[in-house]
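Q: Please take a close look at one part of this model, the pairing of side chains between strands and the loops beside them. Which residues meet there, and how does that part sit within the chain as a whole?

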Amino acid sequence: MAMDVVDYEIKGAEMQFVEVELDPGEAAIGEAGSMMFMDAGIGMDTVFGDGSANQGGFFGKLLGAGKRLVTGESLFTTVYTNQAHGKQRVAFAAPYPGKILPMELGKLGGTLICQKDAFLCAARGVSLGIALQQRLSTGFFGGEGFIMQKLDGDGLAFVHAGGTVVRRTLQPGQTLLVDTGCVVAYTPSVSFEIQYVGKIKTALFGGEGLFLAKMTGPGEVWLQSLPFSRLASRVFAAAPQRGGAREEGSMLGGFATGGLLGGLLGGDDE
């Protein structure tokens, strides 16, 4: 099936969204829950599988859905088709602060491997699959890097990354050591392995974990400064743990402020 060629515009700074312009008959596929708004001439159709529209019957669709289930995504994707006579627009929003990256798969060799929660939307015709790391050590210790999404096709796909994004071009034999959660995407020519940090003291007290991702060129690598897992752990650590009231500042400040506000707001009704 031929890939739809779509125009797009990425808007925003920290909380971005991408606005995709569709010609009559063109369509885009979106991750479940990612749609922000759309023009009235666009029709929505939730499909079972990866949304590539040509999966070889029921068993092909079942296989596509199974691949998405393995990566932790929804069994369904949504297809947004322009049913009007003129251009129509549909927008997809990022789920947390970061950047939306347009990936032209045709210029990247037709395949891109990305984190399992990085895919946001794509032009119709892009196929979503899984990429399993072949090394046993990667499977046991790779964390986010073990089961990843694979985007195939020659169309345009959009992936989301947290924080600031940097693109590195690795030369043949050039190696980069990365926190496993900071890997957003890479081309298949890049070798992905897991490397032990080497020192128990560093692993236990350095805050970086026991293992790092070892990426060896040639190829392209995209890295994010704020993995969602890191953001979630910081939010959880700062969340109120006792009765919904977080204690901040000095002990004296906590007692004084708590006692004063308690007396003023709810302490005495007489």
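A: **Side-chain pairs across the strands**

Tyr-80 is buried, and Phe-92 is buried as well. The model is predicted, and every value below is computed from it.

The aromatic pairs come first. There are 4 of them in the structure. In one, the ring centres of Tyr-8 and Phe-158 lie 5.0 Å apart and the planes stand at 75°, so this pair is edge-to-face. The contact links distant parts of the chain, with Tyr-8 in strand 1 (residues 7–11) and Phe-158 in strand 13 (residues 156–162), 150 residues apart. The two partners differ in cover: Tyr-8 has a relative accessibility of 36% and counts as partly exposed, whereas Phe-158, at 1%, is buried. Another aromatic pair is made by Tyr-80 and Phe-92, with 5.3 Å from centre to centre and 80° between the planes, again edge-to-face. Tyr-80 belongs to strand 6 and Phe-92 to strand 7, and this pair too is described as linking distant parts of the chain, at 12 residues apart. The angle of 80° is over the 60 degrees required, so the edge-to-face label applies. In this second pair, neither ring is left exposed, since Tyr-80 and Phe-92 are buried by the cut-off of under 20% relative accessible area.

Strand 7 and the loop before it also take part in salt bridges. The structure has 8 salt bridges by the rule used here. In one of them, the side chains of Glu-21 and Lys-87 meet with 3.8 Å from N to O. Glu-21 is in strand 2 (residues 17–22), while Lys-87 is in the loop between strand 6 (76–82) and strand 7 (88–93), so the bridge ties together parts 66 residues apart in sequence. Glu-21 is buried at 15% relative accessible area, and Lys-87 is partly exposed at 48%.

Glu-21 also meets Arg-89 in a salt bridge, at 3.4 Å from N to O. Here the link runs from strand 7, where Arg-89 lies, to strand 2, where Glu-21 lies, across 68 residues. Arg-89 counts as partly exposed, with a relative accessibility of 24%.

Lys-87 in turn has a salt bridge with Asp-23, where the closest N and O atoms are 2.5 Å apart. Asp-23 is in the loop between strand 2 and strand 3 (27–30), and Lys-87 is in the loop between strand 6 and strand 7, so this bridge joins parts 64 residues apart in sequence. Asp-23 is partly exposed, with a relative accessible area of 25%. Through shared partners, salt bridges connect Glu-9, Lys-11, Glu-19, Glu-21, Asp-23, Lys-87 and Arg-89 into one network.

Further along the chain there is an open sheet of 3 strands, ordered 15-18-17, with antiparallel pairing. Its edges are strand 15 (175–178) and strand 17 (191–196), each of which pairs on one side only. From one strand to the next, the twist averages 30°. Strand 17 and strand 18 (residues 211–216) run antiparallel and are joined by 6 bridges. Across this pairing, Gln-195 stands opposite Leu-212 of strand 18. After strand 18 comes a loop that leads to strand 19 (219–224), and Pro-218 is placed in that loop. The peptide bond between Gly-217 and Pro-218 is cis, with omega at about 15°.

As for the chain as a whole, it has 5 helices and 19 strands. Of its 270 residues, 40% are buried. Among contacts with a separation of 6 or more, 77% are between residues 24 or more positions apart. The salt bridge of Glu-21 with Lys-87 spans 66 residues, and the ring pair of Tyr-8 with Phe-158 spans 150. The chain exposes about 14,500 Å², of which carbon and sulfur atoms supply 58%.

Notes:
Residues are numbered from 1 along each chain as its sequence is written. This is a predicted model: local features need pLDDT of at least 70, side-chain atom pairs count only at pLDDT 80 or more; totals for chains, interfaces and linings use all residues. Side-chain values use heavy atoms; hydrogens and water are left out. A salt bridge is a side-chain nitrogen of Lys or Arg within 4 Å of a carboxyl oxygen of Asp or Glu. Helices (H or I, at least four residues) and strands (E, at least two) are DSSP runs, numbered from the N terminus. Buried means under 20% relative accessible area, exposed over 50%, partly exposed in between (1.4 Å probe, protein chains only). Two strands pair if DSSP finds at least two bridges between them. Axes are lines fitted to C-alpha atoms, for helices over the stretch in contact, and angles run from 0 to 180 degrees between N-to-C directions. Rings of Phe, Tyr and Trp (its six-membered ring) pair if their centres lie within 6.5 Å; planes under 30 degrees apart count as stacked, over 60 as edge-to-face and the rest as tilted. Contact means heavy atoms within 4.5 Å. Accessible areas come from the Shrake-Rupley method with a 1.4 Å probe; for residues, only the protein chains shown count as cover.
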